[in-house]
Amino acid sequence: MVKSTSQRTGEVDIVRSSDYFNRTVEVLRRLETYGYQVAYYILQDEDLAMDATKIVLLALAQEDTLYNLPVAVQRDLMKKKIIKQSILLKYEVLSA
């Protein structure tokens with residue numbers, strides 16, 4: 001009986017994990033285009049804008065509560081991080 005309880009708990013954990021993953025991916029997809037637009041506006045370079053967007057999306061994926069935040073807060077967080085990353089990339093390009 002204990003074994004089935006462990007298996008059941010494991011199944012629930014897997015469902016929770018996949019639900020968390022799916023929600024996070026949904027949020028990241030929603031933010032991807034917005035982030036790219038902001039990055040491109042700053043960088044005026046498609047490749048650099050894609051790089052900045054990838055870096056920020058990976059960072060946002062690490063945020064545990066991202067999908068629980070209101071959409072406006074998610075966009076603000078993306079905007080803040082993408083501006084910072086874009087400026088860093090621009091600085092690296094200009095310094096090279």
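What follows is a walk through a predicted model of a small set of helices, from overall confidence down to single residues.

The protein has three helices and zero strands, and from the N terminus on the order of elements is simply α-α-α. Helix α1 covers residues 2-43 and helix α2 covers residues 46-61, while helix α3 takes in residues 71-95. The mean pLDDT is 88, and 83% of the residues reach 70 or more. Broken down by element, confidence bottoms out in helix α1, at a mean of 80, and peaks in helix α2, at 97. Part of the picture at the start of the chain is that residues 1-6 have pLDDT below 50, and this stretch makes zero contacts in the model beyond near neighbours in sequence. Where pLDDT is low, the predicted coordinates are not something to read in detail.

On to the global numbers. Of the 96 residues, 25% count as buried. The exposed surface comes to about 7100 Å², with carbon and sulfur atoms supplying 57% of it. Among contacts with a sequence separation of 6 or more, 66% are between residues 24 or more positions apart.

The largest nonpolar core holds 18 residues, and the members that touch the most others are A39, L43, A52, L60, L66, M78 and I82. Helices α1, α2 and α3 each give two or more residues to this core, and α1 gives the most, with seven. I82 shows what such a well-connected member looks like: leaving out residues up to four places away in sequence, I82 touches G35, V38, A39, A52, T53 and V56. Two of those partners, A39 and A52, are themselves listed with I82 among the core members touching the most others.

A couple of other residues fill in the packing. Q85 sits in helix α3 and, despite its polar-looking name tag, counts as buried because its relative accessibility is 16%, under the 20% cut-off. Outside its local sequence neighbourhood, Q85 touches A52, I55 and V56. A52 and V56 also turn up among the contacts of I82. L48, in helix α2, is likewise buried, at 17% relative accessibility. Setting aside neighbours within four places in sequence, L48 is in contact with L43, L89 and V93. For the pair L48 and L89, 41 residues apart along the chain, the C-alpha atoms are separated by 7.2 Å. L43, another partner of L48, is also one of the core members with the most contacts to other members.

Turning to charged side chains, a search of the whole structure finds three salt bridges. In one, R23 and D19 meet at 3.4 Å, N to O. Both residues lie in helix α1, four residues apart, or about one turn of the helix. R23 is partly exposed, with a relative accessible area of 39%, and D19 is partly exposed as well, at 35%. Another bridge joins E26 and R30, at 3.9 Å, N to O. These two are also in helix α1 and four residues apart, so about one helical turn separates them. R30 is partly exposed, with a relative accessible area of 39%.

The remaining bridge pairs E63 with K81, at 3.9 Å, N to O. This one links distant parts of the chain: E63 is in the loop between α2 and α3, K81 is in helix α3, and their positions lie 18 residues apart in the numbering. E63 counts as partly exposed at 30% relative accessibility, and K81 does too, at 27%.

One backbone detail rounds things off. Q44 has a positive phi of about 55° although it is not a glycine. Q44 is located in the loop between α1 and α2. With a relative accessible area of 51%, Q44 is classed as exposed, because the cut-off for that label is over 50%.

Technical notes. Residues numbered from 1 in each chain as written. Heavy atoms only, no water. Buried < 20%, exposed > 50% of the residue type's maximum accessible area, 1.4 Å probe, protein only. Contact = heavy atoms within 4.5 Å. pLDDT = per-residue confidence, 0-100. Areas by Shrake-Rupley, 256 points an atom, 1.4 Å probe, with all protein chains shown as cover. Salt bridge = Lys/Arg side-chain N within 4 Å of Asp/Glu carboxyl O. Core = buried A, V, L, I, M, F, W, Y, C linked by side-chain atoms within 4.5 Å.
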